[in-house]
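Here is a walk through one protein model, from the inside outwards. Keep the structure open beside the text and find each residue as it is named.

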Amino acid sequence: MQDLMNAWQADVARQPEWVQHWLDIMVIVLGGFSLVFSFVRVEARWVLAGFLLGAVTLLGLYSQIGYSRLLGLAHVIFWTPVLVYLLRRRAHWRVKETLSGKWIVLAVMILTISLVFDYTDVIRWVFGAR
């Protein structure tokens, strides 16, 4: 497992700096903050579950195929339903009243942006961009 994580970190380090920062933001907002807010918000528990399932699947794919556009499939599979769920619960966010409501808005923005990249990567992979 340590070898896998070292290889992942080396491949990420070869990406443009903005990609590295984007990955850090996703880990902090979708992983860290969702863990904190999961004690008070059902939405955060769903984000955390999607984040963890996506991460495990991504690392599983990575161990089999390496760093590829197809890795976005892990996010497409697990984050799309989470995003749909969050959007359907808009009436319950309480953005003005709670910090967790403001976090949900941020999580939705990050999920949406990430999924645009992920769908694009997976579609490009399907059409031959390896």
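**A serine inside the helix packing**

Set aside the neighbours within four places in sequence, and Ser114 touches Trp22, Met26, His75 and Trp79. Keep in mind that this is a predicted model. Ser114 sits in helix H5. Its relative accessibility is 2%, so Ser114 counts as buried, the cut-off being under 20%.

Now follow the helix that carries this serine. H5 runs over residues 99-126. It has 28 residues and reaches 40 Å from its first C-alpha to its last. That is close to the 40 Å expected at 1.5 Å a residue. The buried residues of H5 include Ser100, Gly101, Trp103, Ile104, Ala107 and Val108. Further along, Ile110, Leu111, Ser114, Leu115, Asp118 and Val122 are buried too. What do the buried residues of H5 pack against? They pack against H2, H3 and H4. After H5 comes Gly128, with a positive phi near 105°.

Next, the nonpolar interior. In soluble globular proteins, nonpolar side chains tend to be buried together. Here the largest nonpolar core has 22 residues. Leu30, Trp79, Leu86, Trp103 and Leu111 have the most contacts inside it. H2, helix H3 (42-65), helix H4 (72-88) and H5 each give two or more residues to this core. H5 supplies the largest share, eight residues. Another core, of seven residues, lies apart from this one. Among its members are Trp8, Leu58, Tyr62 and Leu71.

Leu86 is a good place to look into the larger core. Leaving aside neighbours within four places in sequence, Leu86 is in contact with Glu43, Val47, Trp93, Ile104, Val108 and Leu111. One of these partners, Glu43, is buried, because its relative accessible area is 1%.

Glu43 also brings us to the charged pairs. How many salt bridges does the structure hold? There are four. In one of them, the side chains of Arg89 and Glu43 meet at 3.0 Å, N to O. Arg89 lies in the loop between H4 and H5 and Glu43 in helix H3, so this bridge ties together parts that are 46 residues apart in sequence. Arg89 has a relative accessible area of 23% and is therefore partly exposed.

A second bridge joins Asp121 to Arg69, with the closest N and O atoms 3.1 Å apart. Asp121 belongs to helix H5 and Arg69 to the loop between H3 and H4, so the pair links parts that are 52 residues apart in sequence. Both ends are partly accessible. Asp121 is partly exposed, with a relative accessible area of 23%. Arg69, at 26% relative accessibility, is partly exposed as well. Shared partners also build a network: salt bridges join Arg41, Glu43 and Arg89 into one.

Asp11 and Arg14 form a further salt bridge, their closest N and O atoms being 2.2 Å apart. Are its two ends buried or exposed? Asp11 is buried, with a relative accessible area of 14%. Arg14 is exposed, at 60% relative accessibility.

Go back to H4 for one more residue. Thr80 is placed in helix H4. At 22% relative accessibility, Thr80 counts as partly exposed. Leaving aside neighbours within four places in sequence, Thr80 is in contact with His75, Leu115 and Tyr119. Thr80 and Gly50 are 30 residues apart in sequence, yet their C-alpha atoms are 8.9 Å apart in space.

The loop between H4 and H5 holds Arg94. Most residues other than glycine have a negative phi. Arg94 has a positive one, near 55°, and is not a glycine. Arg94 counts as partly exposed, at 47% relative accessibility.

Finish on the surface. Trp18, Leu106, Met109, Ile113 and Phe117 form a nonpolar patch there. Together they have about 480 Å² of accessible area. Which helix gives the most to this patch? Helix H5 does, with four residues. Trp18 is found in helix H2 (residues 17-37). So H5 serves two sides of this tour, because its buried residues pack against H2, H3 and H4, while four of its residues belong to the surface patch.

Conventions
Residues numbered from 1 in each chain as written. Predicted model: local features only at pLDDT ≥ 70, side-chain atom pairs only at ≥ 80, totals over all residues. Heavy atoms only, no water. Patch = residues over 30% accessible without salt bridge, like charges linked within 9 Å, V, L, I, M, F, W, Y side chains within 5 Å. Areas by Shrake-Rupley, 256 points an atom, 1.4 Å probe, with all protein chains shown as cover. Core = buried A, V, L, I, M, F, W, Y, C linked by side-chain atoms within 4.5 Å. Buried < 20%, exposed > 50% of the residue type's maximum accessible area, 1.4 Å probe, protein only. Contact = heavy atoms within 4.5 Å. Expected span 1.5 Å × (residues − 1).
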